[in-house]
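The following paragraphs offer a guided reading of a protein model, moving from selected residues to the chain as a whole. Please keep the sequence and the coordinates at hand while reading.

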Amino acid sequence: MADYEIEWVNETGSTNADLLTAARQGAEANTVLVADYQSAGRGRRGRAWGAAPGSSLLFSVVVRPQIDVERAHLVTTALALGALKACDSLAGVRPGLKWPNDLVVGDRKLAGVLAESVVAGERLEAVVVGMGLNVRTGAAPTETADTAVALEDVCGAVIDRRELLGEILIGFAQWMERVEGAGGQAALVAAARRESATLGCQVSVELGDGTVLEGLAQDLDERGALLLAGGRRVVVGDVVHLRGRSGSP
């Protein structure tokens with residue numbers, strides 16, 4: 001099991017940005033930075049991620065996995081699965097995985113994961129993966145309150161953020177050990193299929209170039225890419241669930 005070096009600060013701009021700098025300067029694997037407040041928190045595609053001080057679990061981790069660059073996104077899935085298990089064990093709440101990088105309860109966002117890589121030539125030197133998980137009421141900014149949810153609101157109990165962090169990191173380490181071993185990547189993708197909130201849904205997917213696809217989310221391939229009905233494969237994109245799982249009204 002990994003030994004983590006954890007630093008918890010009152011405030012920073014972005015835990016991911018801080019650890020990216022540290023990773024490029026040689027920070028060791030399993031360095032963790034947690035902040036009670038981020039003044040410049042980021043989500044996918046540079047979107048702002050804001051939360052009231054102390055209301056969310058905001059952290060990033062440096063890992064140096066022995067995997068190919070094109071599989072670096074599996075680190076995101078490993079952290080999401082670790083968090084899913086932690087929420088289940090501590091709060092009795094088992095969120096779903098919304099492809100590619102969110103935890104949701106129903107269709108409301110509980111957490112987001114953002115991974116950024118440090119690459120030298122064709123070699124993956126490090127991945128910094130961060131999570132923002134809504135813990136307490138008021139964790140989500142007012143403008144997203146109708147699409148977000150907090151863990152304590154769902155479970156009806158007080159959650160210790162330090163205990164939650166510890167459980168997430170344990171689960172993350174377990175998955176990372178498997179990802180670097182024989183058959184572990186297939187096991188990770190299989191787990192993502194089982195926990196998926198996206199598969200079986202009609203979805204709209206916005207690609208990086210602005211193209212929008214719509215269709216039934218049918219499966220994940222062996223690398224974790226999303227497969228739509230008709231054979232379209234999506235490696236990176238922003239997903240909106242258009243309605244419930246197929247067969248739902």
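A residue is termed buried when its relative accessible area is under 20%, exposed when that area is over 50%, and partly exposed in between. The model under discussion is a predicted one. With these limits, Asp219 is partly exposed, because its relative accessible area is 28%.

Asp219 belongs to strand β9, which covers residues 212–220. Which residues does Asp219 contact, once its neighbours within four places in sequence are set aside? The partners of Asp219 are Arg193, Leu199, Ala225, Leu226 and Leu227. The pairing with Arg193 can be described further: the side chains of Asp219 and Arg193 are joined by a polar contact of 2.8 Å. Along the chain Asp219 and Arg193 lie 26 residues apart, while their C-alpha atoms are separated by 7.3 Å.

The strand that holds Asp219 also has a pairing partner. Strand β8, formed by residues 201–206, pairs with β9 in the antiparallel sense, over five bridges. Within this arrangement, Gln202 stands opposite Leu216 of β9. The two strands form a hairpin with five residues between them, and in this hairpin Gly210 adopts a positive phi near 95°. As a general point, side chains in a regular strand alternate between the two faces of the sheet.

A second site lies in a helix. Ala173 is part of helix α4, which spans residues 161–179. Is Ala173 buried or exposed? Ala173 counts as buried, because its relative accessibility is 5% and the limit for burial is under 20%. Ala173 can also be related to a residue far away in sequence: Val63 is 110 residues from Ala173 along the chain, and the C-alpha atoms of the two are 9.8 Å apart in space.

Aromatic rings provide a further topic. The charged end of Arg162 sits over the ring of Trp8, at 4.1 Å from the ring centre. Pairs between aromatic rings, by contrast, number zero under the rule applied here.

Finally, the protein chain may be considered as a whole. Its secondary structure consists of five helices and twelve strands. Of its 249 residues, 52% count as buried. The accessible surface of the chain comes to about 11,500 Å², and carbon and sulfur atoms account for 47% of that area. Among contacts between residues at least 6 apart in sequence, 67% join residues at least 24 apart. The contact between Asp219 and Arg193, whose positions are 26 residues apart along the chain, can be read alongside that figure.

Terms used:
Residues numbered from 1 in each chain as written. Predicted model: local features only at pLDDT ≥ 70, side-chain atom pairs only at ≥ 80, totals over all residues. Heavy atoms only, no water. Phe/Tyr/Trp six-rings, centres within 6.5 Å; stacked < 30°, edge-to-face > 60°. Lys NZ or Arg CZ within 6 Å of the ring centre and 35° of its normal. Helix = DSSP H or I, 4+ residues; strand = E, 2+ residues; numbered from the N terminus. Buried < 20%, exposed > 50% of the residue type's maximum accessible area, 1.4 Å probe, protein only. Contact = heavy atoms within 4.5 Å. Areas by Shrake-Rupley, 256 points an atom, 1.4 Å probe, with all protein chains shown as cover. Polar contact = N/O pair within 3.5 Å; in protein donor to acceptor, adjacent residues only side chain to side chain. Pairing = 2+ DSSP bridges.
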